[in-house]
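Please open the model in the viewer and keep the selection panel at hand. The tour proceeds by selections, each followed by a description of what is found there.

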Amino acid sequence: MKSQAQSSRSAVSPARAAAFDILLRVERESSYASELLHSRAYARLTAVDHSLTTELVMGVLRWQSLLDSQIETSSSQPLSKLDGEVLTALRLAVYQLRWLTRIPARAAINESVELVKRARKRSAAPFVNAILRKLAAGISQDDNSTQHQISDASAETLAASSAHPLWLVERWIQAYGIESALRVCQHNQSVPVTAIRLRRPEAAVQLSAEGIELAPGVFLASARRVQHGDITKTAAFRTGLCVIQDEASQLVAALVGQGTRVLDCCAAPGGKTAAIADRNPNANVAAVDLHPHRARLLRKLLSAHDSPSEAGAGNIFVVAADARTLPFATIFDRVLADVPCSGTGTLSRNPEIKWRLKPEDLGDLQERQVAIVRSAMARVAARGRLIYSTCSLEREENEDVVERALAEDSSFRTVDCRIELDRLNNEGELIWPDLPSLTRGPYLRTLPGIHPCDGFFAVILERI
């Protein structure tokens with residue numbers, strides 16, 4: 001005879017149980033949902049269950065503040081007083097009730113109640129059941145059809161309706177204007193496209209044979225967009241014939257250009273490193289990462305990608321070191337400093353960032369970024385280039401870092417990114433038709449929603 005605990009566990013579907021566990025880890029351990037979703041712990045989920053788990057996790061994280069405001073209207077207790085397990089179960093149910101109209105309300109409610117019991121919060125089960133039934137009774141078909149509308153009547157309404165912190169929305173309005181801020185927020189609330197880089201043209205044929213439907217890239221000729229299928233399950237992906245990489249990230253790697261000695265200061269997870277090595281098959285490429293375990297993963301990834309070209313990624317050597325004190329006596333003609341940053345250009349992929357980030361974090365990040373740039377500058381050869389980049393939309397991490405670095409070292413000058421973009425365009429590699437939209441002054445700048453990709457910033461600094 002099954003125990004009561006076993007009965008509760010069996011009453012919860014694998015997808016909802018996995019989503020609940022992942023959301024708790026994201027909240028408590030500052031983990032990243034995308035990494036957990038692709039971890040071994042959930043590899044045994046069926047394709048259908050994994051898809052629902054992903055929808056639930058990302059949906060809850062994208063719309064968290066809006067979900068909380070709806071829960072608060074029916075809760076007799078402040079949300080700050082609720083146990084994390086209880087609030088997570090409520091968020092999961094409300095997301096299903098409001099957004100996933102094909103899921104019966106009864107299933108969403110009952111399984112969230114069971115999740116609370118499964119988490120050993122049985123005394124809270126009646127409370128959760130009452131809140132959810134009250135909310136479900138007030139939801140009409142019209143509610144579901146209008147739930148995703150985002151208003152830009154003011155910064156406050158844009159932040160509330162798009163489930164973004166007000167302080168971030170206000171910054172984006174000031175920096176880019178209300179229309180662009182609206183489009184950024186809309187993009188962040190949508191499922192991002194999976195883009196790949198083909199390391200050999202014939203990879204597209206192999207992927208097609210494995211059931212993957214591809215569309216052309218929008219920025220680069222070597223890019224493709226996945227229309228249908230799981231790229232990670234293919235032999236082409238496992239053997240390194242293609243790499244999952246956002247097109248803006250691919251474009252930053254292309255800006256590095258040609259060199260014989262190349263340094264990637266903050267290399268993990270390795271997409272840009274591999275792209276640089278593919279473009280420079282005869283170069284020596286040094287890849288640095290702060291954390292030894294990430295450096296080990298980087299070595300494993302890059303060694304798996306050796307075969308697609310004659311030299312391939314075999315010209316890369318990986319070092320675990322702090323980029324603020326690079327352990328090299330040699331100098332390099334090309335250096336990439338794609339530094340750790342807030343990640344506000346990647347919120348469609350990493351929505352948890354917007355709930356963790358605080359305004360004061362930007363200053364702390366800038367100090368680290370400036371330290372990395374100083375260290376990288378010291379390793380650039382005469383007439384060599386340093387490409388500094390982030391996936392942030394914030395000035396503190398972008399223009400301000402560049403201005404500080406140039407003020408400290410007058411031996412560098414800024415090279416207009418448009419020169420390199422024109423070169424890539426003339427060579428047939430860059431296919432985006434509106435090149436002026438990719439630059440802001442001398443800098444590369446992509447904006448989510450304005451461009452169909454993540455938000456990236458890059459600058460080219462050349463030693464005089």
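Which residue lies over the face of Y32? Select Y32 together with R356: R356 lies over the face of that ring, at 5.1 Å from the ring centre. Please bear in mind throughout that this is a predicted model.

**Helix α20**

Next, select residues 399-408, which form helix α20. Which residues of α20 are buried? They are E399, V401, V402 and A405. These residues lie on the same side of α20, because they cover an arc of only 160° around the axis. To view what they pack against, add α19 (359-377), β9 (380-390), β12 (443-445) and β13 (457-463) to the selection.

Remain with α20 and display the side chains of E408 and R374, which meet in a salt bridge with an N to O distance of 2.6 Å. This pair links distant parts of the chain, since R374 belongs to helix α19 and E408 to helix α20, 34 residues apart. Are these two residues buried or partly exposed? R374 is partly exposed, with a relative accessible area of 38%, and E408 is partly exposed as well, at 44%.

**Further salt bridges**

The structure holds 30 salt bridges in total. For another of them, select K272 and D338, whose closest N and O atoms are 3.0 Å apart. Here too the pair links distant parts of the chain: K272 is in helix α16 (residues 271-279) and D338 is in strand β8 (residues 332-338), 66 residues apart. K272 counts as buried, its relative accessibility being 10%. D338 is likewise buried, with a relative accessible area of 16%.

Now move to helix α21 (residues 417-426) and select E420 and R423. Their side chains meet in a salt bridge, 2.8 Å from N to O. Why are the two separated by about one helical turn? The reason is that they are 3 residues apart in α21. As a general matter, an α-helix has 3.6 residues a turn, so residues three or four places apart point the same way. E420 counts as buried, at 9% relative accessibility, whereas R423 counts as partly exposed, at 26%.

Extend this selection to R383, R385, R413, E427 and E462; together with E420 and R423, these residues are linked in a network of salt bridges.

**Aromatic pairs**

How many aromatic pairs does a search of the whole structure find? It finds 6. For one of them, select F219 and W432: the ring centres are 5.0 Å apart and the planes stand at 85°, so the pair is edge-to-face. F219 lies in the loop between β2 (213-216) and β3 (223-228), and W432 in the loop between α21 and β11 (439-440), so the pair ties together parts that are 213 residues apart in sequence. Both F219 and W432 are buried.

Then select Y388 and F457, whose ring centres are 6.5 Å apart with the planes at 70°, so this pair is also edge-to-face. Y388 is in strand β9 and F457 in strand β13, so the pair ties together parts 69 residues apart in sequence. Y388 is buried, with a relative accessible area of 1%, and F457 is buried with a value of 1%.

For the final stop, select W63, Y95 and W99, which form one aromatic cluster.

Methods
Residues numbered from 1 in each chain as written. Predicted model: local features only at pLDDT ≥ 70, side-chain atom pairs only at ≥ 80, totals over all residues. Heavy atoms only, no water. Buried < 20%, exposed > 50% of the residue type's maximum accessible area, 1.4 Å probe, protein only. Helix = DSSP H or I, 4+ residues; strand = E, 2+ residues; numbered from the N terminus. Arc of directions from axis to C-beta. Contact = heavy atoms within 4.5 Å. Salt bridge = Lys/Arg side-chain N within 4 Å of Asp/Glu carboxyl O. Phe/Tyr/Trp six-rings, centres within 6.5 Å; stacked < 30°, edge-to-face > 60°. Lys NZ or Arg CZ within 6 Å of the ring centre and 35° of its normal.
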